[in-house]
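Hi everyone, thanks for making time this morning. I'd like to walk you through one model, so let's put it up on the screen.

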Amino acid sequence: MASVEFKHIEKIYPGNVHTVKDFNLKINDGEFIVFLGPSGCGKSTTLRMLAGLEDISGGEILINNKVVNDLEPIERDIAMVFQSYALYPHMSVYQNIAFALKLAGLSKSEIEEKVRPVADMLQLTPLLDRKPRALSGGQRQRVAMGRAMVRTPEVFLFDEPLSNLDAKLRNSMRTEIKTLHKKIKKTTIYVTHDQVEAMTLADRIVILRDGKVEQVGTPREIYHSPANKFVAGFIGSPAMNFIPVELAKDEGWHVDIAGQKLNLLGDVDDNQTDTKATLGIRPCDIHITPDLLTNPLVIKGTVENLELLGSTIQLTSRLGDSQITVEAPSSHMVNEDEVTNFYIDESRLHLFSDQTGLSMYKPNAVLE
Amino acid sequence: MSNEVTTIGKRSSTSSNQNVSRWFKKNNHGNRLLTLVLFLPPALLLFTIFVILPIGEAGYYSLFRWNGYGEPSQWVEFSNYVRLFKHGAFDTAVWNTFKIILISLVIQLPLALIIALSIYKKSWANSLFRLIFFLPYILAEVAAGLIWRFVFDGDYGVMARFTEALNTDTWYILADKNWAFVAILVVLVWKYFGFHMMIYIAALQGVPKDLIEASKLDGASRFQAIWYVKIPLIMSGITISIFFSILGALQTFDLIMPLTGGGPSNSTHTLVSYLYTFGITRMNVGFGSAVGVVLFICCVIFAFTYQSTIMKDKK
């Protein structure tokens with residue numbers, strides 16, 4: 001059972017390259033945490049600092065409330081699955097899994113006792129005599145997981161473990177990892193740039209950008225209540241629509257979009273005095289609707305481009321000067337160059353300050 | 001009747017043609033046979049002209065007493081070989097060649113590996129060390145031999161300063177029958193370890209960083225990571241290096257001549273310097289050819305042993 005805590009972690013490479021900046025996070029025992037962010041955001045570096053593969057430039061890392069900054073990787077009781085799997089090519093599957101146990105000085109029978117159940121659990125028993133080169137990508141991935149599991153470490157680290165697999169295999173391996181975590185209930189930290197992996201696997205997601213934490217939250221929180229414009233744009237596919245607006249107040253707060261007044265029924269953060277803001281709305285929260293002239297949130301627009309994706313259609317149109325993407329069920333019979341009505345779901349609106357990028361609006365009905 | 005015979009004859013010739021065409025089709029996957037017919041003769045021709053014929057000629061000349069002028073005429077059967085195997089200097093040359101192989105395998109290659117492991121990572125300091133260690137290899141053998149002859153000089157060389165500092169008798173190491181070959185071995189290790197070091201450095205730089213990190217996480221100490229991960233992964237480099245080192249030992253010549261010329265009392269000859277001294281300079285071409293044949297047989301034995309042992313798994 002292990003908790004992990006990052007306290008003011010910094011990583012500065014020679015040449016003053018500041019990769020991780022004041023990283024703070026407390027991970028509870030048994031939690032599945034995903035570090036998510038674009039390339040170069042510092043997620044792998046943070047993981048590697050925890051593993052002991054990178055020096056820590058500042059701050060403290062604690063495992064079970066014990067500072068591990070100066071401990072060797074093996075003393076930290078962690079196991080890691082690498083993106084490249086890092087299987088020893090000259091060893092068989094059995095030897096790969098057993099290597100850590102051999103180094104720990106266990107007898108042959110003890111090693112056998114530990115390796116067999118892990119191999120059974122990961123369906124590797126028929127492959128134990130094979131060399132890694134004779135395995136498929138998925139099998140190699142499972143061997144890498146077996147090698148991590150056999151040591152029964154306190155913390156599991158995964159560094160983009162599925163990025164070398166094809167889409168189909170990635171889905172099935174994702175499910176396997178999730179099932180495995182449920183079974184062994186060990187603290188797990190998983191690094192990825194794939195938001196689907198993050199959303200499906202994580203108990204909590206940590207979004208990073210340029211070495212800084214942008215938001216920590218459950219997948220629902222991250223998706224429905226993004227803390228800032230970066231998170232809002234990073235999570236969700238297709239990406240959230242952003243429309244520059246001017247915030248004004250008479251009886252209540254409102255914004256103008258394409259000449260239409262849009263009343264904000266939720267709570268606007270009064271502390272942020274910035275009147276220039278960006279309105280955010282996800283493509284799936286803009287609906288194609290019959291002509292309802294009485295509804296102030298219905299805006300007319302021309303369909304500029306339309307793509308049929310099977311169960312849904314994705315179309316682009318314009319609201320004022322901004323191009324927007326709309327995702328709708330494919331049952332809607334709209335065509336390109338056709339003028340149609342878009343209904344904006346006010347309860348799903350987001351508003352971000354142009355000065356700080358932070359979210360400044362909380363709709364009445366927030367899904368969390 | 002005669003018609004029947006002709007028909008049978010025709011039939012059998014047709015069936016043999018069919019067999020040939022069937023055999024051709026069976027063995028000519030992807031135009032294999034055509035490739036063989038087109039590409040084998042030039043290689044075979046060159047190999048015959050430059051390897052088979054000279055070796056055959058050497059084998060032929062080794063059966064004559066011949067000074068290299070005119071046609072060999074004095075047929076002596078195997079007496080050159082008998083002389084050779086009875087000659088004490090030849091035994092010394094064989095033993096010295098074996099010593100070079102032994103020292104290469106036991107001292108030179110491990111030394112090269114240790115240094116390679118210390119400086120294979122990319123940094124400016126490591127690049128500098130690599131250059132320094134590789135410099136002796138760049139130097140021409142004869143120049144290196146001359147430099148070391150001055151170093152070992154008991155009157156004016158570094159050795160003279162050394163004996164002076166220790167306040168001992170002057171030591172002419174290259175003239176000392178017991179130590180001259182040790183001095184040569186030192187020079188050989190100095191001259192060639194940089195070459196093997198470079199092979200190992202190239203191989204070590206190809207070892208994926210992930211594997212080393214994985215071994216750290218698995219609990220491997222620095223030595224265990226070298227033993228269990230790095231060395232097995234650079235095995236192809238090591239086998240190549242062993243190959244070059246043995247081949248180099250069998251060919252050692254250019255360093256011997258400027259250092260000792262095979263002396264004192266023929267104690268520092270290798271197979272090739274022995275061949276040169278007793279075969280060429282003394283104009284015993286027949287005898288020299290016999291040495292050449294023995295050297296060739298040694299090389300063939302080595303090549304076959306190497307193929308069937310070290311390279312066995314690489315096929």
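Let me start with a distance: in chain A, the C-alpha centres of domain 1 and domain 2 lie 39 Å apart. Please keep in mind throughout that this is a predicted model.

So how many residues does each of those domains give to the contact? Domain 1 of chain A puts in four residues, and domain 2 of chain A puts in six. If you look at the domain 1 side of that contact, you'll find two nonpolar residues, one polar and one charged.

Where do the domains run? The domain assignment of chain A places domain 1 at 4–229 and domain 2 at 238–362. UniProt has its own annotation here, from an unreviewed entry: "domain: ABC transporter", covering residues 4–235 of chain A. Within residues 4–235 of chain A, helix accounts for 36% and strand for 26%, while the C-alpha atoms at the two ends sit 25 Å from each other.

Let me step back to chain A as a whole. Chain A carries eight helices and 23 strands. Its C-alpha atoms fill a box of roughly 80 × 45 × 35 Å along the principal axes. Chain A has 368 residues, and 39% of them count as buried. As for contacts in chain A, take the ones between residues at least 6 apart in sequence: 65% of these join residues at least 24 apart.

Now over to chain B. The UniProt record, again an unreviewed entry, lists "domain: ABC transmembrane type-1" at residues 94–306 of chain B. What is the make-up of that stretch? Residues 94–306 of chain B are 76% helix and 0% strand, and the end C-alpha atoms are 19 Å apart.

That brings me to the place where the two chains meet. Chain A contributes 15 residues to the contact and chain B contributes 14. Which elements of chain A give two or more residues to the side touching chain B? They are β6 (78–81) and α2 (93–103) of chain A. Of the elements on that side, α2(A) gives the most, with three residues. And the character of the chain A side that touches chain B is easy to remember: 13 nonpolar residues, two polar and no charged.

If you'd like one thing to rotate on your own screens, try α2(A), which touches chain B with three residues. That's my tour, and I'm happy to go back to any part of it.

Definitions and conventions
Residues are numbered from 1 along each chain as its sequence is written. Chains are lettered from A and ligands numbered from 1 in the order in which they are written. This is a predicted model: local features need pLDDT of at least 70, side-chain atom pairs count only at pLDDT 80 or more; totals for chains, interfaces and linings use all residues. Helices (H or I, at least four residues) and strands (E, at least two) are DSSP runs, numbered from the N terminus. A residue is buried if 20 or more other C-beta atoms lie within 10 Å of its own, exposed if 12 or fewer, and partly exposed in between; C-beta atoms are placed from the backbone. Two residues are in contact if their C-beta atoms, placed from the backbone, lie within 7 Å. UniProt positions are given in the numbering used here, feature names are shortened, and annotations may be inferred rather than shown by experiment. Domain bounds come from an automatic or database domain assignment. Ala, Val, Leu, Ile, Met, Phe, Trp, Tyr, Cys and Pro count as nonpolar, Asp, Glu, Lys and Arg as charged, and the others, Gly among them, as polar.
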